[in-house]
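Q: I have a protein model open on my screen, and I would like to learn how to read it. Could you walk me through some of its features?

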Amino acid sequence: MANNLSIRHLRAFVAVAHQGSFTQAAKHLHLTQSSLTATIKQLEQQSGLRLLDRTTRRVLLNPEGERFLPVAERLLSDFDTALSDLQAVAEYQHGQVGIAASPSTIACLLPTVVQAYRARHANIGILLRDDSAAGIEQHVLANDVDFGVGGNHSDQPDLSYTPILRDRFGVVFSRGHRFEKPVLADSSGSTPPPETPLPWQALADEELLMLSADTGIRAQLAQTPAGNAIRLGLDRPAIEVSNPAGLAALVEAGIGLSVLPALAAGTRSFEHLAFRPLSEPAIYRDLYIIRRRGRSLSPAAHAMLQLLRQTFAAMPLPAHVECVL
């Protein structure tokens, strides 16, 4: 037999048990006495047992009713607590928002967003996971975070990718390297500034250090016509590093140069190094808001995503980085 009992049956039973009267219980629940009586009758029919003994003066629990009362009270308490938790989340009283992003995004762009969000929703926790492009996608797929900000590493069919930022690839090198010296004057006789773009071909004879293959930076470089034309050695680099901080240390030591997008080159790890954009052709990295298809965001996460969009669109961005919303 199908079980058609609901929370209203439990509330009715507990109210009658506590009040000892159908009349008082009906007033407490704002029901008519006939409606309450019908609800209790349904409960007893579904359970196959009488739970209450009716006398001329009071309604008393029989042994079966006494055993069932604490169970009904616990179920109601659990339900009410769960409902209160949901309402608290909807009202931003508690909860957590998770974002997966590259170390450069977290370091350069998210502090402003986090500060503004905390000022509005102080009771909401924030989880930031820094990872490679592949790792960001996996965190979103596994529902470890609400959304990610990163590159499209593998075009996962279960993920949606919404463009938000783009930055230009350039070369990172140690101070004193020949690339830091002004390039030859142009036909007008003026000397271009140090950040004048370098052609990719200028890297042909340089020792290049690369991030590991699981990064979106490395994946995009492998697809660029410039990378193929000058044979960057992406298939078997002499030295590859799994994180930007380690890469920066090697470049600073003078072991070689590296090719990075401007946002990655603008982090604290690279503050003692120089950057020049590359041209012929100019290559850009696209960053996306990455979400799991078919998964809705909590109100707190939705508010974070909206604030992130608004902040990125309004904030002054580093050189060679632009918002594409």
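A: Gladly! Let us begin with the largest pocket, which is lined by 20 residues. Those that lie nearest its centre are Ser102, Pro103, Asp131, Ser132 and Ala133. Please keep in mind throughout that this is a predicted model.

Q: How does one look for empty space in a structure, and what is the volume of the largest pocket?

A: The general idea is simple: rolling a probe the size of a water molecule over the atoms shows where empty space is left. In this structure, the volume of the largest pocket comes to about 280 Å³.

Q: Which helices and strands supply at least two residues each to the lining of the largest pocket?

A: Look for three helices and a strand: α5 (103–108), α7 (133–141), α8 (216–223) and β12 (284–292). By class, the lining of the largest pocket holds 8 nonpolar, 9 polar and 3 charged residues.

Q: Why does the largest pocket lie between domain 2 and domain 3?

A: The reason is in who supplies the lining. Domain 2 (85–160 + 288–315) and domain 3 (165–186 + 193–285) both contribute residues to it, so the largest pocket lies between the two.

Q: We met α7 in that lining. Is α7 mostly covered or mostly open?

A: To judge a residue, look at its relative accessible area; under 20% counts as buried. Helix α7 is mostly covered, with 8 of its 9 residues buried. These are Ala133, Ala134, Gly135, Ile136, Glu137, His139, Val140 and Leu141. Just after α7 comes Asn143, with a positive phi of about 60°.

Q: What about closed spaces: how many cavities of 30 Å³ or more does a search of the whole structure find?

A: The search finds 1. The volume of the largest cavity is about 30 Å³. Its lining consists of Met210, Leu211, Ile217, Arg218, Leu221, Ser258, Val259 and Leu260. Two or more of these lining residues come from each of β8 (208–211), α8 and β10 (257–261). Sorted by class, the cavity lining has 6 nonpolar residues, 1 polar and 1 charged.

Q: Helix α8 has come up twice now. Where is Ala219 found, and how far apart in space are Ala219 and Gly151?

A: Ala219 is found in helix α8. With a relative accessible area of 22%, Ala219 is partly exposed. In sequence, Ala219 and Gly151 are 68 residues apart, while their C-alpha atoms are 9.6 Å apart in space. You can try another pair in the same way: Ala116 and Leu308 are 192 residues apart along the chain, and 9.5 Å separates their C-alpha atoms. Ala116 sits in helix α6 (residues 110–120) and is partly exposed, at 26% relative accessible area.

Q: How can I check the length of a helix? What should the 15 residues of α3 span?

A: Use 1.5 Å a residue: on that basis helix α3 (residues 33–47) should span 21 Å. The C-alpha atoms at its ends are 21 Å apart, which agrees.

Q: Which residues of α3 are buried, and how are they arranged around the helix?

A: The buried residues of α3 are Leu36, Thr39, Ile40, Leu43 and Glu44. Viewed down the axis of α3, they fall within an arc of 135°, so they line one face of the helix. Ser34 and Gln45, on the other side of α3, are exposed. Just after the helix, Gly48 has a positive phi of about 80°.

Q: What should I know about backbone angles, and which residues other than glycine have a positive phi?

A: As a general guide, most residues other than glycine have a negative phi, and most peptide bonds are trans. Among the residues to look at here is His30, whose phi is near 60°. His30 lies in the loop between α2 (22–29) and α3, and at 72% relative accessibility it counts as exposed. Another is His320, with a positive phi of about 70°. His320 belongs to the loop between α12 (299–314) and β13 (321–323), and its relative accessible area of 28% makes it partly exposed.

Q: Is the peptide bond from Glu280 to Pro281 cis or trans?

A: That bond is cis, with omega near 5°. You will find Pro281 in the loop between β11 (273–279) and β12.

Definitions and conventions. Residues are numbered from 1 along each chain as its sequence is written. This is a predicted model: local features need pLDDT of at least 70, side-chain atom pairs count only at pLDDT 80 or more; totals for chains, interfaces and linings use all residues. Side-chain values use heavy atoms; hydrogens and water are left out. On a 1 Å grid over the protein atoms alone, a cavity is a set of points where a 1.4 Å probe fits but cannot get out, and a pocket is an open set with protein on both sides within 12 Å along at least five of seven lines; lining residues have an atom within 4 Å of a point. Grid points are joined across faces, edges and corners, and a volume is the space filled by probe spheres set on the points. Helices (H or I, at least four residues) and strands (E, at least two) are DSSP runs, numbered from the N terminus. Ala, Val, Leu, Ile, Met, Phe, Trp, Tyr, Cys and Pro count as nonpolar, Asp, Glu, Lys and Arg as charged, and the others, Gly among them, as polar. Domain bounds come from an automatic or database domain assignment. The expected span of a helix is 1.5 Å times one less than its number of residues. Buried means under 20% relative accessible area, exposed over 50%, partly exposed in between (1.4 Å probe, protein chains only). The arc is that of the directions from the helix axis to the C-beta atoms.
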